Amino acid sequence: MTPAAFAARIVGARWVRWASSWAACDCFGLCVLYYRECLGIDLGAVPQTDIATGFHAARGWQECEPEPGACVFMAWVDGSPAHCGVLLTADAVLHAQEGHLRPESGSVRVTRMDAMRRLYPDLRFYRYTPCT
């Protein structure tokens, strides 16, 4: 599946903690679904704790330059990411964000990179390469 087709299908899906499906996902679940559908890479199950657990448990993450398809990890707390998404283009990030007042009102959306940089000054880009 192309990244554009993936984005067209997933935008608007509900934000649900620890979910990773076309109907609903959280931010790391979105990355898991993207990698499976667009890159043919299985990142495993979405951890039932936080995204830092999935990020640290999968030993194939390598920091990279900002490039389409890279995962964007942000909102770092004590060396661990608290939010993530996928860089669709040089100017757009696909991410699943919970609602501010009501988590269940969150959804998958595309946000311009300049807006993401204002919200999260420390954006780090990673590619996952499975160990062989």
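## Exercises on cysteines, cores and backbone angles

C31 is buried, at a relative accessible area of 0%. Keep in mind as you work that this is a predicted model.

**Exercise 1.** Find out how many disulfides the whole structure holds, and why C31 and C38 fit that result.

*Solution.*
- Step 1: Set the cut-off. A disulfide needs two cysteine sulfur atoms within 2.5 Å.
- Step 2: Take C31. Its closest cysteine sulfur belongs to C71 and is 3.6 Å away, too far for a bond.
- Step 3: Take C38. Here too the closest cysteine sulfur is in C71, but the separation is 11 Å, so a bond is again ruled out by distance.
- Step 4: Check burial. C38 counts as buried because its relative accessibility is 17%, and buried means under 20%.
- Step 5: Conclude. A search of the whole structure gives 0 disulfides.

**Exercise 2.** Describe the largest nonpolar core: which residues touch the most other members, and which element gives the largest share?

*Solution.*
- Step 1: Start with the members. The core has 34 residues, and I10, W61 and F73 touch the most other members.
- Step 2: Map the core onto the fold. Two or more residues come from each of helix 1 (3-10), helix 2 (27-39), helix 3 (51-57), strand 4, strand 5, strand 6 (92-97) and strand 8 (124-128).
- Step 3: Pick out the main contributor. Helix 2 supplies the largest share, 9 residues.
- Step 4: Zoom in on I10. Beyond its neighbours within four places in sequence, I10 is in contact with S21, W22, C25, L30, L33, L94 and V108.
- Step 5: Look for another core. One of 11 residues lies apart from the largest, with V72, M74, V93 and L123 among its members.
- Step 6: Add the background. Nonpolar side chains tend to be buried together in soluble globular proteins.

**Exercise 3.** For W18 and A75, work out the sign of phi, the place in the fold, and whether each is buried, partly exposed or exposed.

*Solution.*
- Step 1: Recall the usual case. Most residues other than glycine have a negative phi.
- Step 2: Read the angles. W18 is not a glycine, yet its phi is positive, about 70 degrees. A75 is not a glycine either, and its phi is positive at about 55 degrees.
- Step 3: Place them. W18 sits in the loop between strand 1 (14-15) and strand 2 (24-25), whereas A75 is in the loop between strand 4 (71-74) and strand 5 (83-89).
- Step 4: Judge exposure. W18 is partly exposed because its relative accessibility is 35%, and A75 is partly exposed at 24%.

Notes:
Residues numbered from 1 in each chain as written. Predicted model: local features only at pLDDT ≥ 70, side-chain atom pairs only at ≥ 80, totals over all residues. Heavy atoms only, no water. Helix = DSSP H or I, 4+ residues; strand = E, 2+ residues; numbered from the N terminus. Buried < 20%, exposed > 50% of the residue type's maximum accessible area, 1.4 Å probe, protein only. Core = buried A, V, L, I, M, F, W, Y, C linked by side-chain atoms within 4.5 Å. Contact = heavy atoms within 4.5 Å.
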